[in-house]
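User: I'd like to learn how to read a model with two chains. Could you walk me through it?

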Amino acid sequence: MIDNPVIFYSASVFIILFALLSLFAKNVVYSLLSSIVVFFFGALFFYVLGSEYNAIIQAAIYGFAVPVLIGLSIMFGGGKTNSKKKHSLFWYLPLFAGIFILAFVYLLMMSLVIMPDTFNASDVLQVNAFDTIRTFARALFVDYVWAFELVSLLLTIVIAGLGMLRVTKHRGLRNSRGGEK
Amino acid sequence: MEITMYHYLFIGLLLFLIGLLGSILVKNVIKVLISIEIMLLGININFITFAAFCDNIRFDGYIISLFYVGIGAVELAVALYLFYLMYQKKESDNIEKFSDL
């Protein structure tokens with residue numbers, strides 16, 4: 001675990017700021033981009049907490065795969081937003097941003113005053129990665145093997161279900177076209 | 001200035017509250033899904049925090065968070081497909097128009 005106030009406070013400020021931005025941005029694409037930043041900062045938190053494996057999984061799935069899915073659905077939707085009503089909270093966003101930036105600068109200065117040699121690279125290297133992977137493997141394939149198999153089954157069912165939905169929808173369309181003729 | 005467990009728990013709580021606020025206030029379906037994912041990220045940070053600070057032997061929180069990532073991705077895929085089907089019918093991404101199936 002990396003016990004570093006500068007990393008923690010800067011990551012906290014950015015993750016909260018981008019989470020707010022992802023909700024109250026007018027354009028959906030901006031909101032998607034902000035959410036990617038949020039997920040990457042989440043991965044950074046996992047890494048700081050000493051869980052490299054979770055950080056890699058989070059960055060791979062939520063940083064790359066999930067945004068691709070959401071981006072595809074935005075493309076299918078034509079990128080239009082029909083909700084034209086502006087949220088009043090959107091106008092408070094610069095205020096939130098200012099408060100967070102001020103808090104960030106204050107905390108950065110405080111942490112530099114209290115701990116001058118804050119970042120130490122040897123902390124990163126001291127993480128016992130091999131032991132963590134062994135522990136993970138034992139937990140996944142021995143202690144939680146039933147949960148692991150259930151999640152695998154769930155994933156298979158979802159893939160089959162989506163395929164079935166797609167096939168049924170195509171058949172329904174073909175039948176309706178045949179009825180029209 | 002030492003970073004304690006409560007700092008991480010507070011960040012997880014803030015993320016959860018932001019996601020909850022977004023899922024209640026925002027009308028766009030995609031943004032609602034993103035809000036739900038942010039809520040799940042807050043919960044996940046709490047799991048990892050408890051595993052890192054309280055459980056140094058078995059790492060149960062790490063494993064549960066791995067399962068969350070798998071199930072969260074599946075939930076998002078299904079929700080996006082449902083959104084796609086609904087969008088074809090309603091021609092809108094406003095969640096208030098999706099009240100009837």
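**Reading the fold and the interface**

Analyst: Gladly! In chain A, 69% of the contacts with a separation of 6 or more join residues 24 or more positions apart. Please keep in mind that this is a predicted model.

User: Which secondary structure elements does chain A have?

Analyst: Chain A has seven helices and zero strands, so its elements, taken from the N terminus on, read α-α-α-α-α-α-α.

User: What share of chain A is buried, and how much area does it expose?

Analyst: Of the 181 residues in chain A, 34% are buried. The chain exposes about 11,100 Å², with 72% of that supplied by carbon and sulfur atoms.

User: Now the interface. How is its size given?

Analyst: A common choice is the accessible area lost when the parts come together. Here, chain B and chain A bury about 5,600 Å² between them, 77% of it on carbon and sulfur atoms. In residues, 57 of chain B are in contact with 70 of chain A.

User: How many salt bridges and polar contacts cross the interface?

Analyst: The rule finds zero salt bridges between chain B and chain A. For polar contacts, the count is six residue pairs, both residues being at pLDDT 80 or more.

User: Which helices supply the side of chain B that touches chain A?

Analyst: α1 (5-25), α2 (29-54) and α3 (60-90) of chain B each supply at least two residues. The largest share, 23 residues, comes from α3(B). By class, this side of chain B has 38 nonpolar, eleven polar and eight charged residues.

How values were computed. Residues are numbered from 1 along each chain as its sequence is written. Chains are lettered from A and ligands numbered from 1 in the order in which they are written. This is a predicted model: local features need pLDDT of at least 70, side-chain atom pairs count only at pLDDT 80 or more; totals for chains, interfaces and linings use all residues. Side-chain values use heavy atoms; hydrogens and water are left out. Contact means heavy atoms within 4.5 Å. Buried area is the accessible area (1.4 Å probe) that two parts lose on being put together, summed over both. A salt bridge is a side-chain nitrogen of Lys or Arg within 4 Å of a carboxyl oxygen of Asp or Glu. A polar contact is a pair of N or O atoms within 3.5 Å; within protein, one must be able to donate a hydrogen and the other to accept it, and residues adjacent in sequence count only if both atoms are side-chain atoms. Helices (H or I, at least four residues) and strands (E, at least two) are DSSP runs, numbered from the N terminus. Ala, Val, Leu, Ile, Met, Phe, Trp, Tyr, Cys and Pro count as nonpolar, Asp, Glu, Lys and Arg as charged, and the others, Gly among them, as polar. Buried means under 20% relative accessible area, exposed over 50%, partly exposed in between (1.4 Å probe, protein chains only). Accessible areas come from the Shrake-Rupley method with a 1.4 Å probe; for residues, only the protein chains shown count as cover.
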